[in-house]
Amino acid sequence: MDTLELLHPAPEHRDAVLDYKVEHLNHRENVLHGAALLDQLNFDEWLKLVNGNRRPETVRPGWVTADTLLAFRKSDRRLIGIIDIRHSLNDFLRDFGGNIGYGVRPSERRKGYAAEMLRLALLRARELAIPEVLLSCRRDNEASRRTIERCGGVPFRQFIHSDGSSAEMFRITLSPAWDAGKYLQFERERNQPAFDLARRVPGAPRRILDLGCGPGNSTEILRGAFPQAELIGADNSPEMIERARRTHPDWDFRLFDATSPLEELGGSFDLIFANACIQWVPEHRLLLSKLFAGLSAGGTLAIQIPLQTRAPVHRMLRELSQQPPWNQWLRAAPRIYHLLEPEEYYDILSTLTADFELWETTYYHRLASHEALLDWYRGTGLRPYLQPLPESERGKFESVLLNEIKRYFPVRRDGTVMFRFERLFMTAKRSRP
């Protein structure tokens with residue numbers, strides 16, 4: 001599948017848009033999903049409508065502000081689909097439509113473009129500070145359902161659509177902005193697993209990808225371990241990349257999402273290093289296969305995953321999110337981690353190579369206080385729970401969580417708190433021809 005880019009409609013897109021519309025009509029599809037009335041308007045009327053919808057003062061009455069975007073294939077500039085990102089929800093969208101609607105032209109379906117369009121749209125939604133995206137699809141549309149689930153969608157409600165069809169609403173919780181300073185507050189403790197993983201990498205890789213590099217701390221570790229290598233640090237957080245570039249202005253840091261095609265980074269890698277990264281990314285079976293395919297002959301895939309679903313603080317967070325008053329904003333516990341069982345990772349790796357290892361390490365961190373433990377989670381797992389809450393409720397939520405932490409974690413004899421943290425590691429080496 002070739003890569004796509006999303007563009008706002010412009011006069012020069014007239015021929016491409018009309019060709020897209022005609023193809024649907026030729027297939028007896030009179031409704032163009034995600035296209036904001038393109039099926040009912042001529043091009044000039046439609047262009048005026050979608051450009052007006054981008055601003056609150058010119059949005060169509062009864063509608064919400066939205067970005068209607070054209071998905072062009074980069075290789076040949078063909079219009080593949082149209083996607084609509086609604087910045088907020090009115091009653092109709094909340095009940096039936098959701099934040100995002102999209103369509104792919106008939107001749108380009110079943111090629112993975114819908115998932116790529118949705119992935120790019122979710123990145124845009126995050127830039128718009130939309131904390132949670134709702135999407136709907138008909139229950140008999142298995143392809144659309146798989147697309148939404150591949151992008152992290154979780155079904156939470158079934159309903160009858162306005163046209164009488166049975167449908168389902170999905171929720172995708174978007175990762176809020178990272179605070180690089182807060183994340184680095186426990187730099188030594190967070191760095192140790194990256195050190196341990198780097199030590200298990202065989203040989204001397206010449207080209208390295210640090211996937212999910214954060215503020216560059218893991219990249220520093222890789223630079224120290226492999227000083228002669230070409231090294232790229234990649235992360236989907238603008239805040240983290242900005243901090244990394246500021247700390248190491250001469251190093252190569254790029255804004256990149258783990259679900260994007262690795263070809264965007266230019267060629268294969270001798271080492272793809274993902275330390276505490278892929279738990280934020282859905283569909284690990286597909287992800288690991290894609291990352292492994294991005295290795296050069298003899299290259300190594302090295303991954304570390306925090307086993308936070310076992311952690312008591314995450315159990316507390318899930319339980320608190322279901323209690324009033326916070327359940328009205330958190331409705332369902334945010335799905336922030338995408339983890340499989342170790343046995344499932346074993347089976348995935350065994351289909352990719354015979355040369356792989358899988359192990360767990362438990363770290364016992366010595367923290368100064370219960371408040372320090374809460375600070376640890378402020379830098380990572382607490383973020384998706386706090387973001388949907390009103391400012392007035394965030395402090396109250398943290399206060400109740402802190403009391404739960406105090407009840408569960410005893411103060412040790414020296415006055416500190418022992419914080420047990422389990423992590424899963426894996427390496428997989430690609431064979432040489």
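How many of the nine residues of helix 14 (residues 370-378) are buried? Seven of them are, so this helix counts as mostly covered. Keep in mind as you look around that this is a predicted model.

**Helix 14 and its cap**

The buried residues of helix 14 are His 370, Ala 372, Leu 373, Leu 374, Asp 375, Trp 376 and Tyr 377. Take a look at the N-terminal end of helix 14 as well, where Ser 369 acts as a cap. A side-chain oxygen of Ser 369 lies 3.3 Å from the backbone nitrogen of Glu 371.

**Helix 9 and its two sides**

Now turn to helix 9 (residues 238-247), whose buried residues are Met 240, Ile 241 and Ala 244. Why do these residues sit on the same side of helix 9? Because they cover an arc of only 95° around the axis. The face turned away from that buried side carries Glu 242 and Arg 246, and both are exposed.

**Strand 4 and its partner**

Strand 4 (residues 100-104) is mostly covered too, with five of its five residues buried. In a regular strand the side chains alternate between the two faces of the sheet. You can follow this in strand 4: Ile 100, Tyr 102 and Val 104 point one way, while Gly 101 and Gly 103 point the other way. Residues pointing in either direction are buried.

Which way do strand 3 (residues 79-86) and strand 4 run relative to each other, parallel or antiparallel? They run antiparallel, and five bridges join them. One place to find the pairing is Ile 83, whose bridge partner in strand 4 is Tyr 102.

**Unusual backbone spots in loops**

Most residues other than glycine have a negative phi, and most peptide bonds are trans. The table lists two residues with a positive phi, neither of them a glycine.

| Residue | Phi | Relative accessibility |
|---|---|---|
| Arg 28 | about 60° | 78%, exposed |
| Ala 276 | near 55° | 19%, buried |

Arg 28 is found in the loop between helix 1 (14-26) and helix 2 (43-52). Because exposed means over 50% relative accessible area, Arg 28 with its 78% counts as exposed. Ala 276 lies in the loop between strand 11 (269-275) and helix 10 (284-293). The limit for buried is under 20%, so Ala 276 at 19% counts as buried.

Finally, find the peptide bond from Pro 324 to Pro 325, which is cis, with omega near 5°. Pro 325 has its place in the loop between helix 11 (312-321) and helix 12 (327-330).

Terms used: Residues are numbered from 1 along each chain as its sequence is written. This is a predicted model: local features need pLDDT of at least 70, side-chain atom pairs count only at pLDDT 80 or more; totals for chains, interfaces and linings use all residues. Side-chain values use heavy atoms; hydrogens and water are left out. Buried means under 20% relative accessible area, exposed over 50%, partly exposed in between (1.4 Å probe, protein chains only). Helices (H or I, at least four residues) and strands (E, at least two) are DSSP runs, numbered from the N terminus. The arc is that of the directions from the helix axis to the C-beta atoms. A polar contact is a pair of N or O atoms within 3.5 Å; within protein, one must be able to donate a hydrogen and the other to accept it, and residues adjacent in sequence count only if both atoms are side-chain atoms. Two strands pair if DSSP finds at least two bridges between them.
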